[in-house]
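Let's go through this chain by asking how each label is earned. Values get set against their cut-offs along the way.

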Amino acid sequence: MTSVTSLVAVMATLPDAPAQPAMPIRARLAPLLVWAVASWRIPPPAQARLLALAGEAGPQALALNSSAVYVGVSAGGALGGLLIEGYGPGALPVGAAVAELLALLSFWWASRQSQAAGSAASERTRSGSAPVAT
């Protein structure tokens, strides 16, 4: 979640970058460095979590994850093109920040669902009504 939050913060700082072409590259380097580090910190823990959750179906889960990444890249390119066409290049960071906020919301929602499922399972175990494997 820290990486996604960092991405939101970086994208929120970049909307005026295309409007200031004379801005030195050094001024843009720090946010881009944070963006690069944050974006490459996301896949390893996500893949480790997928493997842990998928059990024996881990390789298939990773394959589906890779496919979803490529679909996301394609959809992001299409939406980015629409943003540029409709609003100009300055809209790209704003659109990216919105996408990252949606990612944070989905992480939060998944975490809540996982906690609720864990609480329900532990309650069933304590009450003795845990399902019996056949």
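Q: What share of the contacts in the chain with a separation of 6 or more comes from residues 24 or more positions apart?
A: In this predicted model, such residues account for 62% of those contacts. A contact here means heavy atoms within 4.5 Å.

Q: What is the chain built from, in terms of helices and strands?
A: It has five helices and zero strands, and along the sequence the pattern reads α-α-α-α-α.

Q: How much of the chain counts as buried, and how much area does it expose?
A: Of the 134 residues, 15% count as buried. The chain exposes about 9600 Å², and carbon and sulfur atoms supply 70% of that area.

Q: Why is L62 called partly exposed?
A: Its relative accessible area is 24%. Buried means under 20% and exposed means over 50%, so at 24% L62 falls in between and gets the label partly exposed.

Q: Where is L62, and what is it in contact with?
A: L62 sits in helix α4. Leaving aside neighbours within four places in sequence, L62 is in contact with Q47, L50 and L51. As for L50, it is twelve residues from L62 in sequence, and their C-alpha atoms are 7.0 Å apart.

Q: Why does Q47 count as partly exposed?
A: Q47 has 32% relative accessibility. That is not under 20% and not over 50%, so Q47 is partly exposed.

Q: Which helix holds Q47, and what does Q47 contact?
A: Q47 lies in helix α3. With neighbours within four places in sequence set aside, Q47 is in contact with L62 and N65. The C-alpha atoms of Q47 and A61 are 8.8 Å apart, with their positions 14 residues apart along the chain.

Q: What makes S66 partly exposed?
A: The relative accessible area of S66 is 33%. With buried under 20% and exposed over 50%, S66 is therefore partly exposed. S66 is found in helix α4 (residues 58-87), and its C-alpha is 9.6 Å from that of Q47, 19 residues away along the chain.

Q: How do you know that the span of helix α2 agrees with what is expected?
A: Helix α2 (residues 25-40) has 16 residues, which should span 22 Å at 1.5 Å a residue. Its end C-alpha atoms are 22 Å apart, so the span agrees.

Q: Where does α2 bend, and which residues in α2 are buried?
A: The bend is about 25°, at P31. P31 is also buried, as are R28 and A38.

Q: What are the spans of α3 and α4, set against the expected values?
A: Helix α3 (residues 43-54) reaches 16 Å from its first C-alpha to its last with twelve residues, close to the 16 Å expected. Helix α4 has 30 residues and reaches 42 Å, close to the 44 Å expected at 1.5 Å a residue. Buried residues in α4 include G58, A61 and G80.

Q: What follows α3 and α4?
A: After α3 comes G55, with a positive phi near 60°. After α4 comes G88, with a positive phi near 95°.

Q: What makes V94, V98, L102, L105, W108 and W109 a patch?
A: They form a nonpolar patch on the surface, with about 650 Å² of accessible area together. Membership needs over 30% relative accessible area and no salt bridge, with nonpolar side chains joined within 5 Å. One of the members, W108, is found in helix α5 (residues 91-127).

Key. Residues are numbered from 1 along each chain as its sequence is written. This is a predicted model: local features need pLDDT of at least 70, side-chain atom pairs count only at pLDDT 80 or more; totals for chains, interfaces and linings use all residues. Side-chain values use heavy atoms; hydrogens and water are left out. Patches are made of residues with over 30% relative accessible area and no salt bridge: like charges are joined within 9 Å, nonpolar side chains (Val, Leu, Ile, Met, Phe, Trp, Tyr) within 5 Å. Accessible areas come from the Shrake-Rupley method with a 1.4 Å probe; for residues, only the protein chains shown count as cover. A salt bridge is a side-chain nitrogen of Lys or Arg within 4 Å of a carboxyl oxygen of Asp or Glu. Helices (H or I, at least four residues) and strands (E, at least two) are DSSP runs, numbered from the N terminus. Buried means under 20% relative accessible area, exposed over 50%, partly exposed in between (1.4 Å probe, protein chains only). The expected span of a helix is 1.5 Å times one less than its number of residues. The bend at a residue is the angle between axes fitted to the seven residues ending there and the seven starting there.
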